[in-house]
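Subject: Structure for you to look at

Hello,

Here is the structure I said I would pass on. Please look through it first; my notes follow below.

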Amino acid sequence: MFTIQHYVQPETLEEAYQFLTAKRNNVILGGCAFLKMSKKKIGTAIDLSKLQLDFIHDKGDVIEIGAMATFRSLEVNPYLNQYFNGIIPKSIKSILGVQFRNVVTIGGTVYSRYGFSDLITALLALDVDIELYHGGIMPLETFLKNGSSKDILVKVILHKNNRIASYQMMRNSVADYPILNVAVSKKGDDWKIVIGARPRRAEIAVKASEYLTNNEVNETMIKQATNIAMEELDFGTNMRGQKTYRQAIAVPLVKRGIMEVLK
Amino acid sequence: MKIEATINNKKIQMEVANDEFLVDALRRYGYSSVKRGCDTGCCGLCTVWINERPTLSCSTLAPTVQGKQITTIEGLQEEAKEFASFLVKEGAEQCGFCSPGFVMTVLAMKRELEKPTEEEIQHYLVGNLCRCTGYAGQLRAIKKYLEV
């Protein structure tokens, strides 16, 4: 289990940032549900509870979600159930129980860029930016690819548009991580296919998405797009599933996602 | 470090370690209904309410509850007793080790969901594991309890 030498609850983001950058082993606390499994020796644990970052605001053209918003608050939020076919609540409602989702935070998950994350896959299929305290606003896709130097995730910004979205996943049980997850979305003719838990971090299948965008979508094209996605993304093996098994289940999950979006 | 929280409507000062989890702190202070189960966030045995929301005390750092309201089953004895009578009538309890966490989740669900369907009940309670009963008796007991 991890150990914590000092524990602080800063009053401002600047104060939190100063604590974070003061020493290499200083860490921002999210919900701690995953962090507790680690053996980290944390110098100063920085709890953001006092910064009122647990908000979900509909700001007209965007929905802003504070880093400390819990999965449960995302799950029951009326805006998030209303937009994008409710892909965000759908992606997280199968993660363990209510009491677990009351602990886990969006900031902890997104900043950690967990490969197994259900939420990151769903977010990546939408038009999402993140705001880092020091690094500013950037697309989620860029952050997932490049990470950042030590920083604080302040909020996740969802651009409200008419994107239709679908989330598909395979897991052995609710108490387990997904073996694979897929999110598909469409805005006008613009398609996005995202595959996560491969077990690597979720990525957009760019070529497959472009293929769908540039062709009339029918059964043959869906099959072809799925093949392209299989070729351009890396699949791997871990204790939950082999590479070949993941590749096999990706085919129907992508197809289901596309079909659901077309409905 | 010293923290102050309201536990079962009483203000309590607790001395907790920086890396101590709430389940351990509560048990040290005599709230022994709170059980340690899987310790990985899967079983729901350690469920307490934090600011009225069912939460895993095994995954909540004790220092983070400073100033918050904690409810354990010791603070809901009347309601718990009433629901327990339904569990008994339906033969829905054996060893009883999971019961405190299970009861806390059921009582939270009663407050949060109005007339839940069977599917909603099952979804809400998916985070409470019971290795004895097979859940059918528990589900019958919940349905009858919610009808009252």
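Helices and strands below are DSSP runs, where a helix needs at least four residues and a strand at least two, and both are numbered from the N terminus. On that basis chain A has 11 helices and 12 strands. Please keep in mind that this is a predicted model.

Overall form of chain A

The radius of gyration of chain A is 18 Å, and the globule rule gives 18 Å for 263 residues, so chain A is as compact as a globular protein of that length. Along the principal axes, the C-alpha atoms of chain A fill a box of roughly 60 × 45 × 30 Å. Of its 263 residues, 49% count as buried. Taking the contacts in chain A between residues at least 6 apart in sequence, 60% join residues at least 24 apart.

Domains of chain A

The domain assignment splits chain A into domain 1 (3–46), domain 2 (56–159) and domain 3 (167–262). The centres of domain 2 and domain 3 of chain A, taken over C-alpha atoms, are separated by 20 Å. Where these two domains touch, domain 2 of chain A supplies 18 residues and domain 3 of chain A supplies 19 residues.

Which elements give two or more residues to the domain 2 side of that contact in chain A? They are α4 (87–92), α7 (118–124) and α8 (140–146) of chain A. The most comes from α7(A), with 5 residues. By class, the side of domain 2 of chain A that touches domain 3 has 9 nonpolar, 5 polar and 4 charged residues.

What the record says

An unreviewed UniProt entry lists residues 1–163 of chain A as "domain: FAD-binding PCMH-type". In the model, that span is 32% helix and 25% strand, and its end C-alpha atoms lie 42 Å apart.

Contact between the chains

Chain B and chain A also touch: the contact takes 21 residues from chain B and 23 residues from chain A. On the chain B side, strand β4 (residues 53–56) of chain B gives the most, with 4 residues. The residues on the side of chain B that touches chain A divide into 8 nonpolar, 11 polar and 2 charged.

I have given these contacts as residue counts. The size of an interface is often given as the accessible area lost when the parts come together.

Regards

Notes: Residues are numbered from 1 along each chain as its sequence is written. Chains are lettered from A and ligands numbered from 1 in the order in which they are written. This is a predicted model: local features need pLDDT of at least 70, side-chain atom pairs count only at pLDDT 80 or more; totals for chains, interfaces and linings use all residues. Two residues are in contact if their C-beta atoms, placed from the backbone, lie within 7 Å. Ala, Val, Leu, Ile, Met, Phe, Trp, Tyr, Cys and Pro count as nonpolar, Asp, Glu, Lys and Arg as charged, and the others, Gly among them, as polar. The radius of gyration is taken over C-alpha atoms; the globule rule is 2.2 Å times the number of residues to the power 0.38. A residue is buried if 20 or more other C-beta atoms lie within 10 Å of its own, exposed if 12 or fewer, and partly exposed in between; C-beta atoms are placed from the backbone. Domain bounds come from an automatic or database domain assignment. UniProt positions are given in the numbering used here, feature names are shortened, and annotations may be inferred rather than shown by experiment.
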